[in-house]
Amino acid sequence: MNARRHGILLIAAAALLWSTGGIGIKAVAEPPLKVTFYRSLFAAIALMLFLPRQAWMTKRWSSNEAFIGSIISYAACLTTFVVATKWTTAANAIFLQYAGAIWVLLLSPLVVREPMRARDAIAIAVALAGMALFFVGKFESRGMAGNAMALLSSFFFAALILSLRREHHASQATVVWGNILTAVAVLPFVATNLRLAPISLVILVLLGIFQIGLAYFLFARGLEFVTATQASITGMLEPICNPMWVFLFLGERPSPFAIAGAIVVLTAIAWHTLTGGEPAYDSIPLD
């Protein structure tokens with residue numbers, strides 16, 4: 001397996017883990033900042049236990065400013081997405097966050113010196129059109145504050161992708177310290193009410209370890225081998241897998257439009273992946 005395909009598989013696995021977030025966040029009857037705090041706390045603990053200490057304690061970033069920007073983008077992305085999911089529908093939150101693929105496409109030439117290609121723009125446009133089919137008749141106007149928060153999350157998500165691509169040597173440190181920053185920043189707002197019901201505790205532990213910790217670890221590793229645009233396109237597996245989990249666990253059948261949308265998105269991802277050449281930069285071998 002070449003490095004590019006290896007990277008795509010890692011990002012696809014991350015997207016599958018991310019896709020469990022909507023149903024998990026909705027299942028926890030707690031305020032959004034409390035969910036954010038515990039999810040990042042458990043993710044940080046898990047990552048510090050399972051990652052080599054030198055991976056997140058040793059300086060690997062090009063500058064302190066770049067690293068600070070990376071962890072702030074990550075913390076803001078985590079927080080705004082949870083708030084958006086609580087304030088609006090999970091479908092709205094996911095769809096609007098993945099508008100970040102557009103910002104990645106536009107900013108990649110400036111931030112990470114990756115050229116904008118026509119096939120990238122076509123794949124993103126087709127994938128976004130396919131995602132829109134999921135929400136025919138379902139994209140609700142209620143929760144406009146949540147929709148705005150999801151759109152804000154898309155900017156931070158794009159900034160995270162670009163910063164991780166630029167600072168790939170520090171990707172593991174970014175994920176660890178980003179979760180620590182999130183938990184520390186949110187703690188003052190939830191410190192007076194930290195009690196959790198047992199079922200909420202279990203769900204948040206699972207979200208922290210797998211849906212956040214493991215997923216972002218895989219995503220960061222995958223970004224070492226593919227362009228930022230390819231990563232954002234492959235990540236679109238997340239919003240099309242979300243209805244699958246809803247169907248499996250809640251019995252809600254996807255509409256014909258949703259099925260058609262899944263086919264369109266998968267086709268766009270497959271076309272972009274299979275027709276793309278090797279990246280124009282050197283791949284970084286796994287440790």
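Q: How many helices and how many strands does the protein have?
A: This is a predicted model, so what follows describes computed geometry. Read along the sequence, the pattern is α-α-α-α-α-α-α-α-α-α-α-α-α-α. That gives 14 helices and zero strands.

Q: What share of the residues of the protein count as buried?
A: The cut-off to keep in mind is a relative accessible area under 20%. The protein has 287 residues, and the share of them that counts as buried is 54%.

Q: How far does helix H1 reach from its first C-alpha to its last?
A: H1 covers residues 3-18, which is 16 residues. At 1.5 Å a residue you'd expect 22 Å, and the model comes close to that. The reach is 23 Å.

Q: Which residue caps the N-terminal end of H1?
A: Look for a side-chain oxygen by the backbone nitrogen of Arg4. The two atoms lie 3.3 Å apart, and the oxygen belongs to Asn2.

Q: Which residue is 225 residues along the chain from Ala15, with 9.8 Å between the C-alpha atoms?
A: Ala15 sits in helix H1, where the buried residues include Ala12, Ala14, Ala15 and Trp18. Its relative accessibility is 0%, so Ala15 counts as buried. Its partner across those 225 residues, at 9.8 Å from C-alpha to C-alpha, is Ile240.

Q: What distance separates the C-alpha atoms of Gly21 and Phe210?
A: Gly21 is part of helix H2, residues 21-27. With a relative accessible area of 0%, under the 20% cut-off, Gly21 is buried. Phe210 is 189 residues away along the chain, yet the C-alpha separation is 9.8 Å.

Q: How far apart in space are Ala173 and Arg53, C-alpha to C-alpha?
A: Ala173 belongs to helix H10, residues 171-190, and it counts as buried at 0% relative accessibility. In sequence, Ala173 and Arg53 are 120 residues apart. In space, the C-alpha distance is 9.6 Å.

Q: Why is the pair of Phe37 and Tyr38 edge-to-face?
A: A pair of aromatic rings is described by the distance of the centres and the angle of the planes. The structure holds eight aromatic pairs. In the pair of Phe37 and Tyr38 the centres are 5.0 Å apart, inside the 6.5 Å limit for a pair. Planes over 60 degrees apart count as edge-to-face, and this pair qualifies because the angle is 70 degrees.

Q: What is the angle between the planes of Tyr38 and Phe42?
A: Tyr38 and Phe42 both lie in helix H3 (residues 32-50), four residues apart, or about one turn of the helix. Their ring centres are 5.8 Å from each other, and the pair is stacked. Stacked calls for planes under 30 degrees apart, and here the angle is 25 degrees.

Q: Are Phe37, Tyr38 and Phe42 buried or exposed?
A: Buried requires a relative accessible area under 20%. Phe37 comes in at 7%, Tyr38 at 10% and Phe42 at 16%. Each value falls below the cut-off, so Phe37, Tyr38 and Phe42 are buried.

Q: Which residues form one aromatic cluster?
A: Start at Trp18, one of the buried residues in H1. It shares the cluster with a second Trp-free set of rings, two from Tyr and two from Phe. The full membership is Trp18, Tyr74, Phe157, Tyr216 and Phe219.

Q: Which residue forms a salt bridge with Glu30?
A: There are two salt bridges in the structure. Glu30 counts as buried at 15% relative accessibility, and its partner counts as buried at 2%. The closest N and O atoms are 3.1 Å apart, and the partner is Lys34.

Q: What is the N to O distance in the salt bridge of Glu224 and Arg221?
A: Glu224 counts as buried at 6% relative accessibility. Arg221 is buried too, with a relative accessible area of 11%. Their side chains meet within the 4 Å limit for a salt bridge, at 3.9 Å.

Q: About how much accessible area does the nonpolar patch with Leu107 have?
A: Leu107 is in helix H7, residues 100-111, and it is partly exposed at 37% relative accessible area. The patch on the surface is formed by Ile102, Leu106, Leu107, Leu110 and Met116. Together they have about 450 Å².

Note on methods: Residues numbered from 1 in each chain as written. Predicted model: local features only at pLDDT ≥ 70, side-chain atom pairs only at ≥ 80, totals over all residues. Heavy atoms only, no water. Expected span 1.5 Å × (residues − 1). Buried < 20%, exposed > 50% of the residue type's maximum accessible area, 1.4 Å probe, protein only. Polar contact = N/O pair within 3.5 Å; in protein donor to acceptor, adjacent residues only side chain to side chain. Patch = residues over 30% accessible without salt bridge, like charges linked within 9 Å, V, L, I, M, F, W, Y side chains within 5 Å. Areas by Shrake-Rupley, 256 points an atom, 1.4 Å probe, with all protein chains shown as cover. Phe/Tyr/Trp six-rings, centres within 6.5 Å; stacked < 30°, edge-to-face > 60°.
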